[in-house]
Amino acid sequence: GTSDPYVKFKLNGKTLYKSKVVYKNLNPVWDETVVLPIQTLDQKLWIKVYDRDLTSSDFMGSAFVALAELELNRTTEQVLKLEDPNSLEDDMGVIVLNLSLAVKQGDFKRNDFYCKKESIALSFNVSSSLPPNKGLFNHPLCNKILPVSKLLAQPCYVGCSCEGNKCGYQSSFMRSVRLSESLRKNQLWNGLVTITLLEGKNIPGGGLAEVFILLKLGDQRYKSKTLCKSANPQWREQFDFHYFSDRKDMLDIEVWRKDNKKHEELLGMCQVDVNALPTKQTNCLELPLENHQGSLLMLIAVTPCTGVSISDLCVCPLGDPSERQQISQRYCIKNSFRDMKDIGFLQVKVLKAVDLLAADFAGKSDPFCVLELGNDSLQTHTVYKNLNPEWNKVFTFPIKDIHDVLEVTVFDEDGDKPPDFLGKVAIPLLSIRNGKQSCYTLKNKDLERASKGVIYLELDVLFNPIKASIRTFKPREKRFTEENRKFSKKILSRNVDRVKKITMAIWNTIQFLRSCFLWESTVKSVIAFVVFVVTVWSVELYMVPLALLVLFAYNFSLITTGKVNNTQDAQASRELMGLDEDEDEDDKESEKKGLIDRIHMVQEIIIAVQSILEEIASFGERIKNTFNWTVPFLSVLACLVLAAATVILYFIPLRYIVLIWGINKFTKKLRNPYAIDNNELLDFLSRVPSDVQ
């Protein structure tokens, strides 16, 4: 008989802010404050209320405020009745706001009104485009090419036909400058919040069901792994959140349990004020659950972060020789053991797109780009009504893992609705050619087929190879919470074929050995017998990594001579993925028809089988691709490790090596009680792409 309500505020179809969730309450009090910049008063501010659920949110009604009806410099309390045209309920409840309208004082902002709400806090996020021509503009009345600095002068420059008056183009451009600046500032984080989730103590009901944790900071969400039934679960997981010092977001931590029937229940929650924590140090916190017994033990560290920026082409960081030299110096070999998390620096120039898909009825689109590197995400402004947009923006990212993939996705802005997908490209950082402008064909969401249009990018990446190599043997960064995977007949069929391919390779090897034992071919059996006797009689342990090095060298010679192409398996994988379009449509139709009738448990089993098959296939393909020099950086790194292992095994007796390994494993917990255990070999293989990737 209760709800978990939260509020979204929308202006011009954009969700500007989402309030905190008030749990199990039909009379919630938020008591949050915000200042919202607005362009004109002929707009409606929409307030929409939702009930928070773990998988989705239920709509609970909406209302709006006509900004033109507000009085200047006067605070008014408004009681707004919530309505839902699709609901049979007459009384959806009300929401109470205190609002005041004021003129913002400051340079070039004399025509901006600010709407202040003393009950809900909003953040401003709106996109607009700046005039091109690198700081020059064509004045609409004088038809002269003049610098932007004159346009921003108050009043307009001498000689303009609007002399002494406020120029309409000037007002429009100033608004574009402000909005673009607001979009830029709203995206840039200036720190990282690193959370190490250690363990739970006396979790209520934890011994009866599986337990997992949800962590939320602003729009960022993580889900921990689900542990077995225990009142004192041990997670030992690490999560990185972006930190915005100008925001007052609280870290929300929720403890959930899941029983055998897949029913999920909230066991308790707690909050941490990240802004109150001291920076540049690790804080060990034991957090009691609100209104419940039990607590969580975790480490939280807030550290500054540099290297994130959005700028115009004329002021790109690597364009300045002195700044480029300074950044290069930061990642030189002699600084290899300073700030081990700072692997490198990526600069992306988003220039333009050509011949995009028309998403509107008028045959146009309103395109913007989203750039993603791991969990880092930045976006361009929107260019309205254009199939050949020019953004001419420069984005920079700090690199946390050189094996990450830069994804650039083009969307069509669609007002209040989610943006429409136009195309996407994925570029591994290790494949980037510095300073070269490249044209990339846009692909569909799965990157399987070409979409319509191309995008022009110029990329530069600087990194420290020693730091990047060390990072390769550590766990990959966890991704923000994503939607649950769905069953797909196409993916299941593809994974079965991939596993079948690996199984056949193993089976053929067994059959070859069997034929040698049965003397089906006398010559082959004699050669195999001689090789076996010589190997067993003369083999030493150091020869094992040495033999793997020989295999690397053999495959490298085949690739350099052109006898084998390391993209053949990728082509074969694309053939597996390139099933008929009709089959995709059949999948969608069967999903629609069978979604209601499908038994939940059977679906979970099928999804689990699909995932297990993918893991098995990917593991085998990654081992093969390591030896096939698919990613030269990783193959060279593997060769260096094998060479070192060969030398160590040759000079140091095996018993000493095993003794050192055992002492390290037994004393690791004593030396660092909060250490996160990992498998270096599996972490290395996780960086090697499978055939599908």
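Colleague: A residue is called buried when its relative accessible area is under 20%, exposed when it is over 50%, and partly exposed in between. With these cut-offs applied to this predicted model, is lysine 280 buried or exposed?

Modeller: Lysine 280 sits in the loop that joins strand E16 (264-272) to strand E17 (282-288). Its phi is near 60°, a positive value in a residue other than glycine. Its relative accessibility is 66%, and the cut-off is 50%, so lysine 280 is exposed.

Colleague: What does the mean pLDDT of the protein chain come to?

Modeller: In the protein chain, 80% of the residues reach a pLDDT of 70 or more. Over residues 106-179, however, the pLDDT is below 50. Residues 578-594 also stay under 50. Where pLDDT is low, the predicted coordinates should not be read in detail. For the chain, the mean pLDDT is 80.

Colleague: How many residues does the largest nonpolar core have?

Modeller: In soluble globular proteins, nonpolar side chains tend to be buried together. In the largest nonpolar core here, Leu346, Leu371, Leu406 and Ile455 have the most contacts inside it. Elements that each supply at least two residues to this core include strand E20 (344-354), strand E27 (450-463) and helix H13 (680-687). The size of this core is 50 residues.

Colleague: Which element gives the most to this core?

Modeller: The elements that each supply at least two of its residues include strands such as E21 (367-373) and E24 (405-412), and also helices. One helix, spanning residues 632-651, gives six residues, the most to this core. That element is H11.

Colleague: Is tryptophan 629 buried or exposed?

Modeller: Tryptophan 629 belongs to the loop between helix H10 (600-627) and H11. Its phi is near 60°, which is positive although the residue is not glycine. Its relative accessible area is 12%, under the cut-off of 20%, and therefore tryptophan 629 is buried.

Colleague: Is lysine 48, a residue of strand E4 (residues 44-52), buried or exposed?

Modeller: Leaving aside neighbours within four places in sequence, lysine 48 is in contact with several residues, among them Tyr6, Phe59 and Asp416. Its relative accessibility is 15%, and the limit is 20%, so lysine 48 is buried.

Colleague: What distance separates the closest N and O atoms of aspartate 691 and lysine 624?

Modeller: Side chains of opposite charge can pair when their charged atoms come close. Aspartate 691 follows H13 and lysine 624 is in helix H10, so the pair ties together parts that are 67 residues apart in sequence. Aspartate 691 is buried at 9% relative accessibility, whereas lysine 624 is partly exposed at 26%. Their salt bridge has its closest N and O atoms separated by 2.9 Å.

Colleague: With which residue does glutamate 448 form a salt bridge?

Modeller: Glutamate 448 lies in the loop between strand E26 (436-443) and E27, and its partner is in helix H5 (residues 489-517), 46 residues apart. Glutamate 448 is buried at 18% relative accessibility, and the partner is buried with a relative accessible area of 9%. The closest N and O atoms are 3.9 Å apart, and the partner is arginine 494.

Colleague: Is aspartate 677 buried or exposed?

Modeller: Aspartate 677 meets lysine 665 in a salt bridge of 3.8 Å, N to O. Lysine 665 is in helix H12 (residues 654-671), while aspartate 677 is in the loop between H12 and H13. At 37% relative accessibility, lysine 665 is partly exposed. The relative accessible area of aspartate 677 is 55%, over the limit of 50%, so aspartate 677 is exposed.

Colleague: What is the area of the nonpolar surface patch that includes Trp519 and Val526?

Modeller: Valine 526 is part of helix H6 (residues 522-538). A patch residue needs over 30% relative accessible area, and valine 526, being partly exposed, has 38%. Other members of the patch include Phe529, Phe532 and Val536. The patch covers about 770 Å².

Conventions. Residues are numbered from 1 along each chain as its sequence is written. Side-chain values use heavy atoms; hydrogens and water are left out. pLDDT is the predictor's confidence in each residue, from 0 to 100. Contact means heavy atoms within 4.5 Å. Patches are made of residues with over 30% relative accessible area and no salt bridge: like charges are joined within 9 Å, nonpolar side chains (Val, Leu, Ile, Met, Phe, Trp, Tyr) within 5 Å. Accessible areas come from the Shrake-Rupley method with a 1.4 Å probe; for residues, only the protein chains shown count as cover. A salt bridge is a side-chain nitrogen of Lys or Arg within 4 Å of a carboxyl oxygen of Asp or Glu. Helices (H or I, at least four residues) and strands (E, at least two) are DSSP runs, numbered from the N terminus. Buried means under 20% relative accessible area, exposed over 50%, partly exposed in between (1.4 Å probe, protein chains only). A nonpolar core is a set of buried Ala, Val, Leu, Ile, Met, Phe, Trp, Tyr and Cys residues joined through side-chain atoms within 4.5 Å.
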